[in-house]
Amino acid sequence: MQTTTDIIAGFTKYVIANYTRLPVVIVRGEGSRVWDADGRSYLDLFPGWGVSATGYGHPRVVEAVRAQAGRLMHMPNNFYNELQGRLAEAIVERAFVSQCFFCNSGAEANESALKLARLVGGPKGRTDFITMTGSFHGRTFGALSATAQTKYQDPFKPIVPGFHHVPFGDTKAAEAAMSDRVCAILVEPIQGEGGVNVAPPAYFRRLRELCDAAGALLIFDEVQTGIGRLGTWYGYQDIGVEPDVITLAKALGGGMPIGAMVVKPDYAAFLKPGTHASTYGGNPIACAASLAVFEAIEEEGLLDNVRRMGDALRAKLDALVDEFSIVTAARGAGLMQGIQLGVPGAAIVSRCLERGLIINCTAGAVVRFLPAYTITTDELDEGLAILHDALAEAESELKKA
């Protein structure tokens, strides 16, 4: 049996090094725990960047994938697909009156939404977009151009023209950027990769008003907040503002790659045969997995668990703010939360990994959490105890320096 060292040595010879990888080879997962090639277990409070939202190897999802793989793995979209229809119904009946387009990822879902906005607005001369600084919408060229972070855009400039980036949460900046050339505002209900940034409902209400007055689309990127992450099916329900389009991925497939663009019918009608497509979009196995995710969330009361565990997580993070001078703030909602540090977050993440806890650092100094919806009180206590020890060690060393 190969060890972690053996696997990494072979891996690095043949795989392009375009990711910063942790020195761990995960070979198995169950619930909120994973095991590496050397048999060591880890508690994962950032499972698959939020993809494994129902936990690793959820029995309903595993059985759905197994059964569908033996029935039909793939069928192109020039045929009707029963599972796509059922999944679209499951998505729409929990959202607003709408129709779905299926793809493979969050970036692809956002790319679809940008193209749709151009289809709707283009004939009227509306070709521009407003997006928010600190946002993350994906790495394809359109989604990258919407992603208002120079560290991602600079190596690939010039980006697609027509994107106006304004500060997240700044109503006046959005008002100033709105013009008769804007076809859509694209915004995340909570910025994840940007640092778990939140804005008040009044901010989103004003964006809705701006779009209504201008005839522009309001698009919510719900790739992270969608399908239960905040304790509601969709993030827009948490803030009480209905957009025209939502984009979904991550939790949607429970580990299988699938994305979706969910669009009000008047706008969905702009997509005619040939205007947009995705070869693997709505793959039968991914759809079967996604239907199992909906079933698990509903029948196992996972939205209630997200709210309970989200409240517990916030209480523990607030306690860390009170105890440690290097923890300056806690923010987020549901099971999408983080703490702002006064020191580099990567070192805290490494200390936790050494102790058997997987979390994530973003925006340089924000440690964030996207636990599975099945997380238990004991698991949350265990993870936060490890984080507490890592913070205590870091703060002690800082005081001695």
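Which residue in β15 is the bridge partner of N360? The partner is R368. The model is predicted. This briefing covers a four-stranded open sheet, the helix α12 that lies across part of that sheet, and the second largest pocket.

**The sheet**
- Four strands make up an open sheet, with antiparallel pairing.
- Their order is β11-β12-β15-β14.
- β11 (327-333) and β14 (360-362) are the edge strands, and each pairs on one side only.
- On average, neighbouring strands of this sheet are turned by 25 degrees against each other, direction ignored.

**The β14–β15 pairing**
- β14 pairs with β15 (residues 366-369) in the antiparallel sense.
- Three bridges join these two strands.
- N360 has R368 of β15 as its bridge partner.

**The helix across the sheet**
- Helix α12 spans residues 302-323.
- α12 lies across β11, β12 (336-341) and β15.
- The helix runs at about 165 degrees to β11.

**The second largest pocket**
- The space in the second largest pocket is about 670 Å³.
- Its lining consists of 22 residues.
- N77, Q84, C100, F101 and F102 are the lining residues nearest the centre of the pocket.
- α3 (82-92), β4 (99-103) and β10 (259-263) are the elements that each give two or more residues to this lining.
- β4 provides the largest share of the lining, with four residues.
- By class, the lining has twelve nonpolar, nine polar and one charged residues.

How values were computed
Residues are numbered from 1 along each chain as its sequence is written. This is a predicted model: local features need pLDDT of at least 70, side-chain atom pairs count only at pLDDT 80 or more; totals for chains, interfaces and linings use all residues. Side-chain values use heavy atoms; hydrogens and water are left out. Two strands pair if DSSP finds at least two bridges between them. Axes are lines fitted to C-alpha atoms, for helices over the stretch in contact, and angles run from 0 to 180 degrees between N-to-C directions. Contact means heavy atoms within 4.5 Å. On a 1 Å grid over the protein atoms alone, a cavity is a set of points where a 1.4 Å probe fits but cannot get out, and a pocket is an open set with protein on both sides within 12 Å along at least five of seven lines; lining residues have an atom within 4 Å of a point. Grid points are joined across faces, edges and corners, and a volume is the space filled by probe spheres set on the points. Ala, Val, Leu, Ile, Met, Phe, Trp, Tyr, Cys and Pro count as nonpolar, Asp, Glu, Lys and Arg as charged, and the others, Gly among them, as polar.
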